[in-house]
Amino acid sequence: MKYFRAFLTPYRIAITVALTLMLTELAVELTLPLLLSKIIDEGILQEDLSYVIKWGSIMVGLAFLAFASGVTNSFYAAHVGQSFGFDIRKALFEKVQGFSFEQLGNYPAASLVTRMTNDVTQLQNTIFMGLRIMLRAPLLVIGSVVMSFFVHPGIALVFAVVIPIVVVVLTFLMKKGALYLAKYNHG
């Protein structure tokens, strides 16, 4: 991991921007349902059109903020992933150029090409998905449970109990599936 961290260090600012934008998008997505409930409770039920228009306009503005944050986050995440991939490929190419003929004989050309293309592409995609989705999904679940306490604490308690159980069951099933695949692929 230290090896990859060295390749990510030049992109600290872009990573920070991408994560900040992802958190902004997430915060807006978690806030919009609360604002919608406010519009229904205090605007529609009270037949106050000005209230609905005011908070509806705020929701539209926040939706545009979330959209802009998501698009910009994707740009920065892609930039970091692509730049990281470029740097890794460059380092691999320089390393291969330093090989002796004997060392080159140990690595078939197809293997070197695969490592410089497919393997590095997998790393790039992991970086992109990490900055765009992987961190976002668990934070969305946690944030949703926290926000549900504001809406209805009784239902929130159900979520707080059920979600960890679902996570444990899914983890168990994924491990069993991985073991089955490993056994199936080797035998």
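## A salt-bridge network between helices

Let's start with a pair of side chains: glutamate 29 and arginine 136 meet in a salt bridge, with N and O at 2.4 Å. That pair ties together distant parts of the chain, since glutamate 29 sits in helix H2 and arginine 136 in helix H6, 107 residues apart. Keep in mind as you look around that this is a predicted model.

How exposed are the two partners? Glutamate 29 has a relative accessible area of 30%, so it counts as partly exposed. Arginine 136 comes out at 17%, and because the cut-off for buried is under 20%, arginine 136 falls on the buried side.

Now stay with arginine 136 and look for its other partner. The side chain of glutamate 25 also meets arginine 136 in a salt bridge, this one at 3.9 Å from N to O. Again the link runs between H2, home of glutamate 25, and H6 (residues 136–151), home of arginine 136, and here the two residues are 111 apart in the chain.

Glutamate 25 has a second salt bridge to show you, with arginine 132, where the closest N and O atoms are 2.9 Å apart. This one brings in another helix: glutamate 25 is in H2, while arginine 132 belongs to H5 (residues 109–134), and 107 residues separate the pair. Both ends are tucked away: glutamate 25 is buried at 8% relative accessible area, and arginine 132 is buried at 15%.

How many salt bridges does the structure hold? The count is 3. As for how they fit together, glutamate 29 is the partly exposed member at 30%, and shared partners join Glu25, Glu29, Arg132 and Arg136 into one network.

The helices behind this network deserve a look of their own. H2 covers residues 12–44, which makes 33 residues; at 1.5 Å a residue these should span 48 Å, and the end C-alpha atoms are 46 Å apart, so the two values agree. Follow H2 along and you'll find a bend of about 25° at threonine 31, with proline 33 following within four residues. H6 has 16 residues and reaches 22 Å from its first C-alpha to its last, close to the expected 22 Å. Which residues of H6 are buried? They are Arg136, Gly143, Val145, Met147 and Ser148, so the arginine we started from appears in that list.

Next, slide back along H2 to alanine 18, which also lies in that helix. Alanine 18 counts as buried because its relative accessibility is 0%. Leaving out residues up to four places away in sequence, alanine 18 touches Asn73, Tyr76, Ala77 and Leu131. You can see the approach in the backbone too: the C-alpha atoms of alanine 18 and serine 74 are separated by 7.5 Å, although the two are 56 residues apart along the chain.

One of those contacts, asparagine 73, is worth a stop. Asparagine 73 lies in helix H3 (residues 49–97), and at 0% relative accessibility it counts as buried. What does asparagine 73 touch, not counting residues up to four places away in sequence? The contacts are Ala18, Leu19, Leu21, Met22, Leu131 and Arg132. Notice Arg132 in that list, the residue that pairs with glutamate 25 in a salt bridge.

For contrast, turn to phenylalanine 75, also found in H3. Phenylalanine 75 is exposed, with a relative accessible area of 56%. Its C-alpha atom and that of leucine 179 are separated by 37 Å, with their positions 104 residues apart along the chain. Over in H5, methionine 129 is partly exposed at 35% relative accessible area. The C-alpha atoms of methionine 129 and leucine 92 are 23 Å apart, and the pair are 37 residues apart along the chain.

Last stop: the surface. A nonpolar patch there has about 1100 Å² of accessible area together, and its members are Ile155, Val158, Phe159, Val161, Val162, Ile165, Val166, Val169, Leu170, Phe172, Leu173 and Met174. One of them, isoleucine 155, lies in helix H7 (residues 153–186). Isoleucine 155 has a relative accessible area of 43%, so it is partly exposed.

Methods:
Residues are numbered from 1 along each chain as its sequence is written. This is a predicted model: local features need pLDDT of at least 70, side-chain atom pairs count only at pLDDT 80 or more; totals for chains, interfaces and linings use all residues. Side-chain values use heavy atoms; hydrogens and water are left out. The expected span of a helix is 1.5 Å times one less than its number of residues. The bend at a residue is the angle between axes fitted to the seven residues ending there and the seven starting there. Buried means under 20% relative accessible area, exposed over 50%, partly exposed in between (1.4 Å probe, protein chains only). Contact means heavy atoms within 4.5 Å. Patches are made of residues with over 30% relative accessible area and no salt bridge: like charges are joined within 9 Å, nonpolar side chains (Val, Leu, Ile, Met, Phe, Trp, Tyr) within 5 Å. Accessible areas come from the Shrake-Rupley method with a 1.4 Å probe; for residues, only the protein chains shown count as cover. A salt bridge is a side-chain nitrogen of Lys or Arg within 4 Å of a carboxyl oxygen of Asp or Glu.
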